[in-house]
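Biologist: Could you take me through one part of this model closely, the place where the two chains meet, and then show me what a sheet in one of them looks like?

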2 protein chains.
Amino acid sequence: MKFEAVTIKDIAKALGLSTSTVSRALRDSYEISPETKKLVLECAEKLNYRPNPVALSLKERKTRSIGVVVCEIANSFFSQIINGIESVAYDKGYNVMISQSHESYDREVLDLQFLSSRGVDGILVSVSTETSDFEHISNLHDKGLPIVLFDRIAPGINTHTIISDNFKGAYEATEHLIHNGYKKIAALCPSEFLSISNERLAGYKEALNANDIKINNNYIIHSFYGGMVFSEVEEAINQFMTLKDPPEAIVTLSDKLTLGSLKTFKRRGMKVPDDIAIVGFSNSDIAEITDPALTLVRQPAFEMGKASMELLLQLIESKRPITEFEKRVLSPEFIVMHSGLPRKR
Amino acid sequence: MKFEAVTIKDIAKALGLSTSTVSRALRDSYEISPETKKLVLECAEKLNYRPNPVALSLKERKTRSIGVVVCEIANSFFSQIINGIESVAYDKGYNVMISQSHESYDREVLDLQFLSSRGVDGILVSVSTETSDFEHISNLHDKGLPIVLFDRIAPGINTHTIISDNFKGAYEATEHLIHNGYKKIAALCPSEFLSISNERLAGYKEALNANDIKINNNYIIHSFYGGMVFSEVEEAINQFMTLKDPPEAIVTLSDKLTLGSLKTFKRRGMKVPDDIAIVGFSNSDIAEITDPALTLVRQPAFEMGKASMELLLQLIESKRPITEFEKRVLSPEFIVMHSGLPRKR
DNA sequence: TTTTTTTACGCAAACGTTACCACCTAAGTA
DNA sequence: TACTTAGGTGGTAACGTTTGCGTAAAAAAA
């Protein structure tokens, strides 16, 4: 069921030339006379010739395609990241193959294997929440496959990385609540395996420290699936609220955790910020339409995607092995709305 | 910078066999003796041999990859669709290449051209809002490239299509408002070029008709970019509210339009449903956390994606040309919350 | 034993393209 | 005039794989 494509041979036959001449004419080689070039170009145009990318890939041993591994595509942050990746890829004529780990380690291993066996020229990875062993990544990297890590970084892999300033984001969020009079501030974090989790948690702790508020370990919960499983969030909030001394405010350290928390509050009939204040990480476009409007930390997802792809291309297209790697940190945006305001009563 | 892969030749050399023997052994041909097979298999395992997919593609003239063209990936509906597509593709060992039209006709043409020149085995398309001429699609289709259309259908192309029951969704949404006592109900629609727009508008009109409410053309606005540009939504709402006889309720006929409308209401300080009731299409996971909780029509996006991919595979893998095409219509979900409730005053 | 069949493998072409090398012709140089 | 040089072109191998055909040796049939 595939249509027959016009090849260089067809042109050669039509013009009574050899394939090599046609090939050179098409690539505008200096060895070919202007008249022949013109003839070939016209014929190619007429027959609607398109070079076969598969044959080219085989010859040049590169596919002009890259792979992306993320946990979930149906997540604003990651879809915006992919948007950024795609914008650069499009400009440079690269194809983007996307695969999702669904936060599963096994699936991530399979994804990486699939992509590399498919011959992609490089891979962009943000590790899954389950991933604590990074050998599947470092193995490929050691073999020479260009890899760039973004957002959720795998430690011990010496390559370019792009993250947003997680520490700063969490610090600002926490400080905002403190400035608005809250002292009992809980933190709901993604899995402790994730780099982002620790960076953000450190920001939270540092903000408390800087304001002489003692860190209460009961106020810190790691949600293993980072909000992908709603019940996990519900349970965490429940745990917070049944403490003898429940928090008055909460910082939610990922998009899904933020959304899940808001949903839980609503279900429990808790008013924000009167019953509980919240400031969270989120890249959803819903900040304004929640009840009340959400004060949030927004990561520069699109820019992160662009930067990741640019660095990956740099790796791919470099003639000589690169040994100096960049760790790029982009600044998040802090958007103040109402969910972190001082309570009224 | 690419790592050297193990080829069939390496195995042949290591074992003192010919490449054809190795190839046949790997494919478990009857011509090869069990001992040789075992030897080859072991050697392949040891050297970590992976067949080169590019070479295979060249030989078999298929790439085991498919293309997807959507307007935007950062849109819940489409990211859920892609999720469905990917789940089937993954099972069948297909690669998914995603490209976005960003609602631009020119970009859509380029995307299709790029994907087909990249040799994908088939393409899944949901047309952009700007697209009113479908030749770029039918041309490829006529050449024999398998194409399946989903959600936003291009008329005049004889192939499989998957949509949700847009008429029914809009009908139910409108009827819900009518049952709750509203008579002045406006409709905010996507571009009139889009198939979904007309189907949904028809559902809206039919619900009004069935309840003896006269259709008021001032109550119908088509938003060309379907909410991708926020100002367009703002303007439309503005236009509604400055009518001599403004609507009391509104049905928003796409995800972005729904979210945009809610945002506009909030900015204008309009209370839902007291100042205006709203029921809209949406696949966002925010229904519960808006103010008030949103009554909505949810399309079975994941299932639509799955169905699309399944039908495309059927086209791709069929031995003989298919002339009988399926038009699959999936039922949307109607979720009643509070935004369409009778007003209190 | 001789002939036929079967088994098990190798050779080479093909997929579409590029690149190295070789070749021929005509013009320039000695 | 003879020789070199440059310009323009063709032949062919190679990328990794599959596959039709050929064939030697072994097994079966005569």
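Modeller: Happy to! This is a predicted model, and the contact between the chains draws 46 residues from chain B and 46 residues from chain A. On the side of chain B that touches chain A, the elements giving two or more residues are α4 (53-60), α5 (76-92), β2 (95-100) and α11 (255-268) of chain B. Of these, α5(B) supplies the largest share of that side, with six residues. Sorted by class, the side of chain B that touches chain A holds 20 nonpolar, 14 polar and 12 charged residues.

Now let's turn to the sheet in chain A. Its six strands form an open sheet with mixed pairing, in the order β7-β6-β8-β9-β10-β12 (chain A). At the edges sit β7 (220-222) and β12 (333-335) of chain A, each of which pairs on one side only. From one strand to the next, the twist averages 15 degrees.

Within this sheet, have a look at β9 (residues 277-281) and β10 (residues 295-298) of chain A, which pair in the parallel sense over three bridges. If you'd like a residue to centre your view on, G280(A) stands opposite L296(A) in β10(A).

A helix joins the picture too: α9 (residues 195-210) of chain A packs on the sheet, where it touches β6 (185-189), β7 and β8 (249-252) of chain A. The direction of α9(A) makes about 175 degrees with that of β6(A).

Terms used. Residues numbered from 1 in each chain as written. Chains lettered and ligands numbered in written order. Predicted model: local features only at pLDDT ≥ 70, side-chain atom pairs only at ≥ 80, totals over all residues. Contact = placed C-beta atoms within 7 Å. Helix = DSSP H or I, 4+ residues; strand = E, 2+ residues; numbered from the N terminus. Nonpolar A, V, L, I, M, F, W, Y, C, P; charged D, E, K, R; others polar. Pairing = 2+ DSSP bridges. Axes fitted to C-alpha atoms, helices over the stretch in contact; angles between N-to-C directions.
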